[in-house]
Amino acid sequence: MERIIILDFGSQVTQVIGRRVRELNVYSEIYPFDKFPFGKGAGGEKTIPDDVKGIILSGSPFSVRDADSPKVNLSELVGKVPVLGICYGAQYIAYNCGGNVEASQTREYGRAELTVSATGDKIFEGVPVKSQVWMSHGDSITKLPDGAELIASTPTVANAAYKIREKNIYAFQYHPEVFHSQFGGKMLGNFVLGICGCKGDWTTESFIEATVAQLKQQLGDDHVILGLSGGVDSSVAAVLINKAIGKNLHCIFVDNGLLRKNEFEDVLAQYKDMGLNVIGVDASERFLAALEGVSDPEGKRKAIGKTFIDVFDSEAQKITNAKWLAQGTIYPDVIESSSVKGPSATIKSHHNVGGLPEKMNLKIVEPLRSLFKDEVRRTGRALGIKRELISRHPFPGPGLGIRVLGEVTREKLRILKEADYIYINEMRKYITDLPAASNGFAAEESGEISLYDAVWQAGTILLPVKSVGVMGDERTYEYTVALRAVVSNDGMTADWVHLPYDFLAKVSNEIINKVKGVNRVCYDISSKPPATIEWE
Ligand code: XMP
């Protein structure tokens, strides 16, 4: 296999560089700047592993002139494989190789017109002389490093791109990886496929083939346990491992009573259809009992998380010969937990299976560790998993437990499940011309977009207040449900969706008419931040 290594100096868009390289069908890996995966030479010296075909140095919020800015030893990296510096990366090379970097008068941020002077250079093949690029920097390169040639400029940034021929270094002050750089993808392609000489043969199919072969070797005749959640990651991980070791993979799917209406039965049937060796455990009573009298959101999360571990553990104990615990960890989780800025407080901080591996004393296997979310989806499709399962909205581990605000009771759960069922079903039926959400995978395949595809995540919340209404001649005093629908990329920020009025009208009507206990429906029009996606 061939790899491109991206060294992360902390830029917000480093992951995007990784994505862009993979879109060229070349496998890329992101490492914090000080964790380059060196090999060892015969004399114990650091070497660049043979499969590394090129190195990209990312941008950074730091200035190269700061004393505490992130640093690498360039002599260990350059001259061996081609190197591309982007923004901070470009400045870092200039600053450390005889050039000069100074604070700009004004911070330059936004679109700029790039003029290529080295039109015949490989890096600009297929790129017009003038094109738009995206700039975001406070410092400027005021003197090029030793041996460098200027290859492109903008009206305000003279040294927008340079090259050091004898060291095989290219450097861009702008960000080729972002969408606003018109020919950025082309330039990255020229670097990765042209200059680094990558073949571009890393595809979903080759990933599956290589991973299955590797899992067979790693797991042999061992037995493996995996917790299915109904979500995309655990499902794809299960099918992949099942392909490698068949019935030796034991899947456990727990019904915590907090899943959507019919979800447990439907998804369990789908898992069995896929040929998975799966045990469905109905533990809803245990979860409800654990939630009795608990109304604080964190308290509920803890109660649900603890019960899950207990239930899962006692099921897992029955599989006496298991040596491994499989998990659906994906690449963004891996990068986040080792990022330059340190583990960030993200979605994962409230995952409900934390602590499980330690308790179970099993070895961990994570076949999706190297994939981004959409690559996981594509892998799932290539493995034959149904579209409905693959294009599911995210759903929190504690489920409806955190969407019944306050104490969770059987009756409140019933009301919420019914209302939510109507909302989500109507959403699936409604065809829209809104654009597909970033996880709107179904749309990629069918061309037709339902509201469900246009929304990144949707859910219904049962509020702990009753209000007065009138039905027929009678006064009612019943609950309110809030509908939520957001678009997002990663859940960290989110925008509420402008759902069509006729859709909202229909859903509201259906819920109030059909769900006993609800007389009012609201739509949540708050963005994150300052609100969050969930209400608890
Ligand atoms: P918030 O509410 O923080 O949610 O804006 C961001 C994303 O995380 C999901 N979420 C959770 N997922 N356990 C989970 O597994 C949790 O306790 C939890 N709380 C929120 C939420 O659904 C959204 O996708």
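This is a short tour of the structure, stop by stop, for you to follow in your viewer.

The model is predicted, so local features are given for residues with pLDDT of at least 70 and side-chain atom pairs for pLDDT 80 or more, while totals for chains, interfaces and linings use all residues. Residue numbers start from 1 along each chain as its sequence is written, and side-chain values use heavy atoms, with hydrogens and water left out.

**Stop 1: the ligand**

Start by selecting the ligand and the 15 residues around it (a residue is near a molecule or strand if one of its heavy atoms lies within 4 Å of it). R301, Q457, K528, I533 and E534 come nearest. Now bring up the polar pairs. Q457 has a polar side-chain atom 2.7 Å from an oxygen atom of the ligand. K528 also puts a polar side-chain atom 2.7 Å from a ligand oxygen. I533 works through its backbone instead: an N or O atom there lies 2.8 Å from an oxygen atom of the ligand.

Stay here and click E534, in the segment after strand 20 (518–523). Helices (H or I, at least four residues) and strands (E, at least two) are DSSP runs, numbered from the N terminus. Which side chain does the side chain of E534 make a polar contact with? Look at Q457, at 3.5 Å. A polar contact here is a pair of N or O atoms within 3.5 Å; within protein, one must be able to donate a hydrogen and the other to accept it, and residues adjacent in sequence count only if both atoms are side-chain atoms.

E534 has a relative accessibility of 13%, so it counts as buried. The cut-offs are under 20% relative accessible area for buried, over 50% for exposed, and partly exposed in between, using a 1.4 Å probe and protein chains only. Leaving out neighbours within four places in sequence, E534 is in contact with P396, I402, R403 and Q457 (contact means heavy atoms within 4.5 Å).

**Stop 2: the open sheet**

Next, switch to cartoon and pick out five strands. They form an open sheet in the order 14-13-12-15-16, with parallel pairing. Two strands pair if DSSP finds at least two bridges between them. At the edges sit strand 14 (278–282) and strand 16 (363–365), each pairing on one side only. From one strand to the next, the twist averages 30°.

Zoom in on strand 12 (residues 223–228) and strand 15 (residues 322–326), which pair in the parallel sense over four bridges. Within this pairing, V224 stands opposite W324 in strand 15. Now show helix 6, which packs on the sheet and touches strand 12, strand 13 (249–255) and strand 15. The direction of helix 6 makes about 160° with that of strand 12; axes are lines fitted to C-alpha atoms, for helices over the stretch in contact, and angles run from 0 to 180 degrees between N-to-C directions.

**Stop 3: salt bridges**

How many salt bridges does a search of the whole structure find? The count is 30, each being a side-chain nitrogen of Lys or Arg within 4 Å of a carboxyl oxygen of Asp or Glu.

From helix 6, select D233, which forms a salt bridge with K373, the closest N and O atoms being 3.0 Å apart. D233 lies in helix 6 (residues 232–245) and K373 in helix 12 (residues 373–382), so this pair ties together parts 140 residues apart in sequence. D233 is buried at 13%, whereas K373 is partly exposed at 31%.

Then try E285 and R410, another salt bridge, with closest N and O atoms 3.0 Å apart. Helix 8 (residues 284–291) holds E285 and helix 14 (residues 410–429) holds R410, so parts 125 residues apart in sequence are tied together. R410 is exposed, with a relative accessible area of 53%.

For a third pair, pick K163 and D121, whose side chains meet at 2.6 Å, N to O. K163 is in strand 10 (residues 161–164) and D121 in the loop between strand 7 (100–116) and strand 8 (130–143), 42 residues apart. K163 and D121 are both buried.

**Stop 4: helix 12 and N439**

Go back to helix 12, where the buried residues include D374 and R377. D374 also belongs to a salt-bridge network with R19, R20, E23 and R378. After the helix comes G384, with a positive phi near 90°.

Finish at N439, in the loop between helix 14 and helix 15 (441–446). Is N439 buried or exposed? N439 is buried, at 5% relative accessible area. A polar atom of the N439 side chain lies 2.9 Å from the backbone oxygen of W456. Beyond four places in sequence, the contacts of N439 include R377, R392 and H393.
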